[in-house]
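Q: I should like to learn how the features of a protein model are read. May we begin with the strands and then turn to the helices?

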Amino acid sequence: MRTKVVKLDAHKANIAKIKEAAALVDAGGLVAFPTETVYGIACRVKTDSLAKLDNLKGRNPDKHYTLHISQKSDARKYVPTIGLRAQKLINNAWPGPLTIVFELDDRDTDKQQSSLERGIFESLYKDNSIGIRCPDNPIASILLRLTHNPVVAPSANITGRTPAGDPEQVLAELSGQIELLLDAGPCKYKKNSTVVKIGKKGLEILRPGVYSQAELEKMSEVKFLFVCTGNTCRSPMADGIFRKYLAEKLQC
């Protein structure tokens with residue numbers, strides 16, 4: 001197989017060429033494309049395509065890939081209930097170099113299992129969790145928007161090797177093994193996205209990347225304003241009610 005290379009302007013996306021790439025992904029092909037971090041391999045969430053991706057990367061099929069979305073609002077399709085801290089991160093860090101692993105409760109997990117195709121659910125969710133990323137790159141956003149299937153996009157490299165921050169590195173490693181490369185020059189950061197999990201244990205970094213722990217703590221900070229109409233906000237009852245409300249909203 002010969003890898004086709006399509007050169008694109010990183011600042012002025014060619015919709016027609018990206019549409020062709022999206023159609024190729026929908027047909028089961030593997031397409032390397034730029035993000036703000038590193039180049040990724042777009043793959044539709046279907047069993048045959050994922051097996052092809054596993055074989056290419058030399059990756060354990062039991063390890064799930066991260067879902068990529070074109071806009072932050074799409075997260076609601078896969079995570080029905082989003083806690084306050086997670087929502088703050090979505091608002092402040094997306095689109096951007098951050099992968100969020102969401103923990104779902106049993107009710108939301110059952111809801112997703114019943115509403116999604118079995119293959120999609122089993123490929124994206126594991127242990128009541130799903131990883132989602134919303135890249136900050138116009139080519140990536142358009143590609144993800146134009147596909148008709150959910151798309152995962154691991155870094156464009158063999159597992160264990162350095163992720164490709166430029167198209168030359170993609171070709172050096174994957175030429176002849178992927179159908180298409182959207183070449184828009186070097187990526188902005190040339191560094192992995194930070195992977196963070198938000199759940200009952202709070203904010204936990206699973207993989208270091210562009211954002212630091214301190215930056216994520218700041219972006220996910222939740223503030224509350226009390227407006228006292230008497231003496232109620234200082235009462236033990238008010239304290240108890242607020243603590244219960246806070247625990248429910250923060251899912252902790």
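A: We may, bearing in mind that this is a predicted model. A pair of strands is a convenient start: strand E4 (residues 67-68) and strand E7 (residues 151-152) are joined by two bridges in the antiparallel sense. Within this pair, His68 faces Val151 of E7.

Q: In what order do the strands of the open sheet follow one another?

A: Strands of a sheet pair through backbone hydrogen bonds, in either a parallel or an antiparallel manner. Here ten strands form an open sheet with mixed pairing, in the order E1-E8-E2-E3-E7-E4-E6-E5-E9-E10. Strand E1 (4-7) and E10 are at the edges with a single partner strand each, so one side of each has no neighbour in the sheet.

Q: Which helices lie across these strands, and at what angles do they run?

A: Helix H2 (residues 47-57) lies across strand E3 (40-44) and E7, and runs at about 150° to E3. Helix H6 (residues 138-146) lies across strand E2 (31-33), E3, E4, E7 and strand E8 (180-183), at about 145° to E2.

Q: Where on H2 are its buried residues found?

A: Burial is read here as under 20% relative accessible area. In H2, this holds for Ser49, Leu50, Leu53, Asp54, Leu56 and Lys57. These residues cover an arc of only 165° around the axis, which places them on the same side of H2. They pack against E3, helix H5 (118-124), E7 and helix H7 (167-174). The face turned away from the buried side carries Thr47 and Asn55, which are exposed. Just after H2, Gly58 adopts a positive phi of about 70°.

Q: Why are the buried residues of H3 said to line one face of the helix?

A: The buried residues of helix H3 (residues 84-93) are Ala86, Leu89, Ile90 and Ala93. Viewed down the axis of H3, they fall within an arc of 100°, so they line one face of the helix. Their packing partners are strand E5 (98-103), strand E9 (194-199), strand E10 (202-207) and helix H8 (213-219).

Q: Which residues touch the most other members of the largest nonpolar core?

A: The largest nonpolar core has 66 residues, and Trp94, Phe102 and Ile130 touch the most other members. H6 gives the most to this core, with five residues. Neighbours within four places in sequence aside, the contacts of Phe102 include Ala86, Ile90, Trp94 and Ile130. Two of these names have appeared already: Ala86 and Ile90 are buried in H3.

Conventions:
Residues are numbered from 1 along each chain as its sequence is written. This is a predicted model: local features need pLDDT of at least 70, side-chain atom pairs count only at pLDDT 80 or more; totals for chains, interfaces and linings use all residues. Side-chain values use heavy atoms; hydrogens and water are left out. Buried means under 20% relative accessible area, exposed over 50%, partly exposed in between (1.4 Å probe, protein chains only). Helices (H or I, at least four residues) and strands (E, at least two) are DSSP runs, numbered from the N terminus. The arc is that of the directions from the helix axis to the C-beta atoms. Contact means heavy atoms within 4.5 Å. Two strands pair if DSSP finds at least two bridges between them. Axes are lines fitted to C-alpha atoms, for helices over the stretch in contact, and angles run from 0 to 180 degrees between N-to-C directions. A nonpolar core is a set of buried Ala, Val, Leu, Ile, Met, Phe, Trp, Tyr and Cys residues joined through side-chain atoms within 4.5 Å.
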